[in-house]
Amino acid sequence: MYFDSPPTPFGSFAERTRIDPEKAYPVPDAVDDDTAVALGIAGLAAWLPLTRHADVSAGQSVLILGATGVVGAIAIQAAQILGAGYVVGAGRDPEALEKICDLGADATVQLGGDDDVAALRAEADGGFDVVLDLVYGDPFIAALQATAVDATLITVGQGAGGAPAVPFHALMGRSHVGHLNDLMPARILREAYDELVSLSADGRIQVETTRYRLADAEQAWQAQADGPHVKIGIEI
């Protein structure tokens, strides 16, 4: 059983807690505990934007901006599963970018060079139809300028800055939405989680995880702050 967002003031750092039945979902035996947790957080953050805010089923070109983290890795796989025609992952870490090619990225773009706009446009083939933006800030501005007319951009995170200067002319003809899992209806969250664990049980979505003991929680938090590119769990 996976559960999310225990009612205040309770939390999940405990052997027993109260839960909201609407946010408790069964997990197939074929999905391990660490993956089940990762899919409920990072998985939904990747899957919901691509299935509820955008439509990538018709062979569209998709850019995953900030693709080197767990959400990005799941999003690369999700875009391919959903029928995207061309999937590009962009990020700063060259070693992590190599890994996402193994997960299904058709191409990668290393950000942080002299001209991110030109680098993204070189892989856009006329402009990206869908951008899943996990970082916002300057990378979002660069990606926006590499989109096609009628493109959909969905922002999930703001690790690269929360208040970029967005040129209005670049937004014209595009749609931009900010996504938060908790703002989705309970029914949609349940449906999406069921879809993800089914795909995971079939081996179609892979998530890299690691686990710490409760006694090592301090090291776990530090590892999270360092950006481990894996989903971290703590065993109670």
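The exercises below, each with a worked solution, concern a predicted model.

**Exercise 1. Domains**

Find which residues belong to domain 1 and which to domain 2, and state how far apart their centres lie.

Solution.
- Step 1. The domain assignment gives domain 1 as 2–42 + 184–234.
- Step 2. Domain 2 is given as 56–182.
- Step 3. Between the C-alpha centres of domain 1 and domain 2 there are 25 Å.
- Step 4. In the contact between them, 17 residues come from domain 1 and 15 residues from domain 2.

**Exercise 2. The largest nonpolar core**

Work out how many residues the largest nonpolar core has, which elements give two or more residues to it, and why it lies between the domains.

Solution.
- Step 1. The largest nonpolar core has 44 residues. Those with the most contacts inside it are Leu39, Leu50, Val62, Ile64, Ile74 and Tyr193.
- Step 2. Two or more residues of this core come from each of these elements: α1 (33–53), β3 (61–65), α2 (70–82), α3 (94–102), β6 (128–133) and α7 (186–201).
- Step 3. Helix α1 supplies ten residues, the largest share of this core.
- Step 4. Domain 1 and domain 2 both give residues to this core, so the core lies between them.
- Step 5. There is also a second, separate core of 22 residues, which includes Leu120, Phe128, Val135 and Leu153.

As background, nonpolar side chains tend to be buried together in soluble globular proteins.

**Exercise 3. The surroundings of Val62**

List the residues in contact with Val62, leaving aside neighbours within four places in sequence.

Solution.
- Step 1. Val62 is among the residues with the most contacts inside the largest nonpolar core.
- Step 2. Earlier in the sequence, the contacts of Val62 include Leu50 and Val56.
- Step 3. Val62 is also in contact with Ala79, Ala84, Tyr86, Val87, Val88, Phe128 and Val130.

**Exercise 4. Salt bridges of helix α7**

Identify the partners of Glu195 and Asp194 in salt bridges, and decide whether these residues are buried, partly exposed or exposed.

Solution.
- Step 1. A search of the whole structure finds seven salt bridges.
- Step 2. Glu195 meets Arg52 in a salt bridge, at 3.1 Å from N to O.
- Step 3. Arg52 lies in helix α1 and Glu195 in helix α7, so this pair ties together parts that are 143 residues apart in sequence.
- Step 4. Arg52 has 27% relative accessibility and counts as partly exposed. Glu195, at 30%, is partly exposed.
- Step 5. Arg52 and Glu195 belong to a network of salt bridges that links them with Arg187 and Glu191.
- Step 6. Asp194 meets Arg190 in a salt bridge of 3.4 Å, N to O. Both lie in helix α7, four residues apart, about one turn of the helix.
- Step 7. Arg190 is partly exposed at 33% relative accessible area, and Asp194 is partly exposed at 31%.

**Exercise 5. Arg213 and Asp216**

For the salt bridge between Arg213 and Asp216, determine whether each residue is buried or exposed.

Solution.
- Step 1. The closest N and O atoms of Arg213 and Asp216 are 3.1 Å apart.
- Step 2. Exposed means over 50% relative accessible area, and buried means under 20%.
- Step 3. Arg213 has 52% relative accessibility, so it counts as exposed.
- Step 4. Asp216 has a relative accessible area of 19%, so it is buried.

**Exercise 6. Helix α5**

Explain why helix α5 is described as largely enclosed by the rest of the structure, and name the elements its buried residues pack against.

Solution.
- Step 1. Helix α5 covers residues 137–144.
- Step 2. Its buried residues are Gly137, Pro139, Phe140, Ile141, Ala142, Ala143 and Leu144.
- Step 3. Seven of the eight residues are buried, so helix α5 is largely enclosed by the rest of the structure.
- Step 4. The buried residues of α5 pack against β3, α4 (116–124), β6, β7 (147–155), α6 (168–171) and β8 (175–178).

**Exercise 7. A surface patch**

Determine which residues form a nonpolar patch on the surface, and place Trp221 in its helix.

Solution.
- Step 1. The patch is formed by Phe13, Leu214, Trp221 and Ile236. Together they have about 450 Å² of accessible area.
- Step 2. Trp221 is located in helix α8 (residues 217–225).
- Step 3. Trp221 has 56% relative accessibility and counts as exposed.

Terms used: Residues numbered from 1 in each chain as written. Predicted model: local features only at pLDDT ≥ 70, side-chain atom pairs only at ≥ 80, totals over all residues. Heavy atoms only, no water. Core = buried A, V, L, I, M, F, W, Y, C linked by side-chain atoms within 4.5 Å. Buried < 20%, exposed > 50% of the residue type's maximum accessible area, 1.4 Å probe, protein only. Domains from an automatic or database assignment. Contact = heavy atoms within 4.5 Å. Patch = residues over 30% accessible without salt bridge, like charges linked within 9 Å, V, L, I, M, F, W, Y side chains within 5 Å. Areas by Shrake-Rupley, 256 points an atom, 1.4 Å probe, with all protein chains shown as cover. Salt bridge = Lys/Arg side-chain N within 4 Å of Asp/Glu carboxyl O.
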